[in-house]
Amino acid sequence: ETVKRFKSDFIRRSDVLEIEEPSIDFGDVGGYEGVKEMVRKNLIWALRRTQRAELAALSLPRGILIYGPPGTGKTLFAKALSKETSLPFINLKTENLFSKYLGESGQRVRDAIRLVEQASPAIVFVDEIDRFGNRKGGKTDSASQETGRVFAQMLEWLGDPGRKSIIVGTTNVPGDLDTAFLRPGRFSYVIPFLYPNKSARKQILEMHLGLSGSRRRPAMDESGIRSVLPKITAETEFYAGADLEEVVMRAKQNFFEDSTAAMTPAHLLSAHKDYRIDTENRRGLADHYKSLGPTFANSVKLLEEMERQ
């Protein structure tokens with residue numbers, strides 16, 4: 001009812017926010033088992049077990065900051081978190097917050113924060129949060145001053161002890177974030193999302209094929225498809241979740257264009273053979289993001305999980 005009321009009262013008049021009721025949960029997110037478990041214990045349980053949280057004088061979780069290369073499922077994870085917590089998913093449309101007109105960006109950010117807090121508690125998704133996370137100091141032109149004002153507004157919101165929204169921010173470039181964004185009290189956890197390991201790649205393929213999770217399953221030779229998954233998972237090192245989804249999509253396209261009654265291993269193997277990535281570039285990215293772990297991840301358990309990815 002909160003979602004419906006919020007939609008009718010605010011969202012239709014706003015171009016800076018959109019609200020969703022996600023249909024996916026953690027069962028639809030392949031891999032990252034350690035991260036899921038940590039989030040369940042430290043964020044979801046605090047929301048579900050309110051009496052226990054009150055007994056422990058535990059405040060509402062502040063949210064999480066997720067960093068990593070593109071295509072690794074950061075947005076998917078945020079939507080699944082919304083489903084797991086039974087809270088609305090509010091997408092802060094960062095591309096619409098900035099304006100070429102002096103003063104307008106700051107006003108849009110103020111309006112967005114006000115609307116978000118009126119609808120909270122909610123999971124508030126801020127993609128590419130690094131757009132806000134740098135004060136651009138040293139310049140005196142009007143554009144830089146406006147950026148500085150927006151930065152200050154976001155920083156004040158993140159640090160507000162009365163904030164009801166649970167913010168999930170994502171970034172591909174954590175090094176661009178001002179250190180003030182990473183201080184304790186802004187985010188409960190800073191989580192690295194790297195390329196999935198072999199076990200996670202198998203889970204992701206199974207989910208997109210409809211062999212697990214809630215996605216639709218095409219007509220298929222299930223035993224045959226399952227028999228070739230070990231080969232494909234072994235040969236897809238440094239593939240992101242988005243790459244694996246594309247492989248499955250191409251296999252479905254192969255099946256669609258064929259005259260067979262069901263998807264066969266040949267359809268999937270052909271799609272896998274046709275799809276390519278720049279492996280050396282991905283290897284370099286993986287090493288780069290792993291090297292950032294000791295600087296940005298604020299949990300030893302998360303660093304250990306990163307090493308298993």
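This passage walks through a predicted model of one protein chain, starting with the whole and then turning to a strand pair and a helix pair.

Taken as a whole, the chain holds 12 helices and 6 strands. Of its 309 residues, 48% are buried. Contacts also reach well along the sequence: if one takes those between residues at least 6 apart, 78% turn out to join residues at least 24 apart.

Strand E1, covering residues 17-20, shows a neat alternation of side chains. Leu17 and Ile19 point to one face and are buried, whereas Glu18 and Glu20 point to the other face and are not buried. E1 has a partner in strand E3 (residues 89-92), and the two run in the antiparallel sense, paired over 4 bridges. One of the residues involved is the buried Ile19, whose bridge partner in E3 is Ile90.

Further along the chain, the helices H9 (residues 241-257) and H10 (residues 265-274) meet: their axes come within 8 Å and cross at roughly 130°. Because an angle over 145 degrees would be needed to count as roughly antiparallel, and 65 to 115 would be roughly perpendicular, H9 is oblique to H10. The crossing of H9 past H10 is right-handed. On the H9 side, the contact is made by Val247, Arg250, Ala251, Asn254 and Phe255. H10 brings His267, Leu268, Ser270, Ala271, His272 and Asp274 to the same contact. Sorted by class, the residues in this contact are a mix, with 5 nonpolar, 4 polar and 2 charged.

Technical notes. Residues are numbered from 1 along each chain as its sequence is written. This is a predicted model: local features need pLDDT of at least 70, side-chain atom pairs count only at pLDDT 80 or more; totals for chains, interfaces and linings use all residues. Side-chain values use heavy atoms; hydrogens and water are left out. Axes are lines fitted to C-alpha atoms, for helices over the stretch in contact, and angles run from 0 to 180 degrees between N-to-C directions. Angles under 35 degrees count as roughly parallel, over 145 as roughly antiparallel, 65 to 115 as roughly perpendicular and the rest as oblique. A crossing is left-handed if the near helix is turned anticlockwise from the far one by less than a right angle, and right-handed if clockwise. Contact means heavy atoms within 4.5 Å. Ala, Val, Leu, Ile, Met, Phe, Trp, Tyr, Cys and Pro count as nonpolar, Asp, Glu, Lys and Arg as charged, and the others, Gly among them, as polar. Buried means under 20% relative accessible area, exposed over 50%, partly exposed in between (1.4 Å probe, protein chains only). Two strands pair if DSSP finds at least two bridges between them.
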